[in-house]
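The following exercises are to be worked through with the coordinates at hand. Please attempt each task before reading its solution.

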Amino acid sequence: MTTSTTATDPFDRLPPLPADGYATHEVTNQATPFARHNAFTGDRLLGEITAREKLGWARKLLAEAGAVVASERVAELARNANRYTPELRSHDRFGHRLDEIVFHPAWHELMTLAVGHGTHALAWTARQPGAHIARGVLSYLWNQGESGICCPLGMTYSAVPALRLQPDLAAVWEPFILSQRYDPAAAPMQRKTGGTVGMTLTEKQAGSDLRATQTTARPASARRGPGAAYLIDGHKWFFSVPHSDVFVTLARTDRGLSCFLLPGWLPDGTRNRLLIQRLKDKCGNRSNASGEIEYRGALAWLVGEEGQGIKAALAMTHLTRLDFAIGSAGLMRRAVSEAIHHVTTRRAFQRRLLDQPLMENVVADLALEVEAATLLAFRLACAVDGEAAGDAAAALLVRLGTPVAKYWNCKRVVGVVHEALECHGGNGFIEDGPMARLYREAPLNGIWEGSGNIIALDVVRALARTPETAGAFLDEVRRARGGDRKLDDMIRRLETELAAPGEHEARARRLAERLALCLQASLVVQHSPSAVADAFCATRLAGDGGVAFGCLPGGLDRRAIVERARIESDADA
């Protein structure tokens, strides 16, 4: 005989718990994600630059890129590409040499998007006035999305002039590298829809002293000279983007240091004799691969004349330096946009952070730096367009102004990103948001293609070897003469300093800084609202600022400066 019982839930005999019984607090006063905006159409300064330079032909493309760059999808891709970093696969499981680099799918998706916009190619494919400026805007935008992919994009863009020194090579490679169909495959070019260019110059013993290169090249056949095949042996210490399809490299022949184009794959479909020894474990730019390699009889084609390698490489480095100036300005733009958004949506002491006078001072000061850096970078991009059209004055401005812009923007970005991170407090120092990644990225452009001393000395070299650059530069800044007394005073001081070159080398950094500030001031006086121009000249030229950001003097319209720098969201539009 069995006895039936009714199961009873023991919790029925306990007092009921409220639905939020385990909550310890209510989450309030946290900033919202920086979202619902377009990084191009919401940026007043970019709108003014593109209107002034008559880039209406590119506006649809730039707006599309601005929406993609600012999307949550790209933010997630950037997080994953940096969290799951590239890995070297040197051999397969049977011991065969592979020399392949494996990326997280996020990297390839980011590259597909940016290459699809023509970020690497627009300057050469658009055939429109202002093409270098429009491509620069794409670079500026994508540096806000994920800087890691901008290395292969920038090198591919800048390689075209070096390629064109050897027309037979350019005829084969240029359509391939300017394709807007990204192909991630590790395969010969004949099996791919498009490719990228890497750059490999520095060595262990030499660093920036390229004339100390030990890598050697010898003719592969009886034929030698431009366009001929050579065999290269040696090593490269920082090998940028070792997964690229083709590389610009330096090696020494018996006639001197020479420039070569080296394919990753041979015409028969096998790997070139380029062995990746290891990948660098970098402080930042972690989504992108950099490595150390050895050439063991690698096949390459000579670009230009033997013994003229530095000259040939400079055809490329002058554009990479421009791209670093643009990229650093874009990185500043992203950091300061994040800071403005944070201090607008976060409260302390019964007021928004932005309504605290000291915080408003900090953010306004940062906004001045972004505006000046952006104007400086795009003025040089405009000069590159002028140089391409045969403008001699523009060519002189490019020669002097490019290292000036590279030096100054790459120096200033570090402090700007740090201060923007500090605006977030502890939330800026964790990996959940973008600020820590931007902080690690900030110093890199100042190292690539020549660190501070090398670039400052290049400024001095330009003045010494091409004295006409000084006159062209002064003519440029004099366009703003009469717009601000402090700028007029600085122009006079600069005229005196440029006329006395005896101390230029020892004072190269100070000279580069003064040239940059004078050009920036002339641009803000000509193109920016009076609130921005007055504040910039007062603090950067007349010494009425501080060593740290946030030391703007009284009497300035700080809120107008901040609001001009605010990215307009879709909700505001």
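Five exercises follow, each with a worked solution.

The model is a predicted one, in which local features need pLDDT of at least 70, side-chain atom pairs count only at pLDDT 80 or more, and totals for chains, interfaces and linings use all residues. Residues are numbered from 1 along each chain as its sequence is written, and side-chain values use heavy atoms, with hydrogens and water left out.

**Exercise 1. Overall form**

Determine how many helices and strands the protein chain has, and assess its radius of gyration against the globule rule.

Solution. Helices (H or I, at least four residues) and strands (E, at least two) are taken as DSSP runs, numbered from the N terminus. On this basis the protein chain holds 18 helices and 11 strands. Next, the radius of gyration is taken over C-alpha atoms, and the globule rule is 2.2 Å times the number of residues to the power 0.38. For 573 residues the rule gives 25 Å, and the value for the chain is 26 Å, so the chain is as compact as a globular protein of that length. The C-alpha trace spans about 105 × 85 × 45 Å along its principal axes.

**Exercise 2. The nonpolar core**

Identify the residues with the most contacts inside the largest nonpolar core, and the helix that gives the most to it.

Solution. A nonpolar core is a set of buried Ala, Val, Leu, Ile, Met, Phe, Trp, Tyr and Cys residues joined through side-chain atoms within 4.5 Å. Buried means under 20% relative accessible area, exposed over 50%, and partly exposed in between (1.4 Å probe, protein chains only). The largest such core has 180 residues, and Ile149, Phe378 and Leu515 have the most contacts inside it. Helix α10 (residues 357-388) gives the most to this core, with 18 residues. Contact means heavy atoms within 4.5 Å. Leaving out residues up to four places away in sequence, leucine 515 touches Leu400, Val404, Val459, Phe473, Leu494 and Leu498.

**Exercise 3. Arginine 540**

Establish whether arginine 540 is buried or exposed, and find the side chain joined to that of arginine 540 by a polar contact.

Solution. Arginine 540 belongs to helix α17 (residues 530-541). Its relative accessible area is 15%, so arginine 540 is buried. A polar contact is a pair of N or O atoms within 3.5 Å; within protein, one must be able to donate a hydrogen and the other to accept it, and residues adjacent in sequence count only if both atoms are side-chain atoms. One of 2.6 Å joins the side chains of arginine 540 and aspartate 365. Beyond four places in sequence, the contacts of arginine 540 include Glu369, Arg412 and Phe549.

**Exercise 4. Cysteines**

Count the disulfides, and give the nearest cysteine sulfur for cysteine 151.

Solution. A disulfide is a pair of cysteine sulfur atoms within 2.5 Å. The count by this rule is zero. For cysteine 151, the nearest cysteine sulfur is that of cysteine 150, at 9.1 Å. Cysteine 151 counts as buried, at 5% relative accessibility.

**Exercise 5. Backbone**

State the sense in which β1 and β2 pair, and locate lysine 54.

Solution. Two strands pair if DSSP finds at least two bridges between them. Strand β1 (residues 87-91) and strand β2 (residues 97-102) pair in the antiparallel sense over four bridges. Within this hairpin, glycine 95 takes a positive phi near 95°. Lysine 54, a residue other than glycine, also has a positive phi, near 55°. Lysine 54 is placed in the loop between α1 and α2 (59-69), and counts as exposed at 66% relative accessibility.
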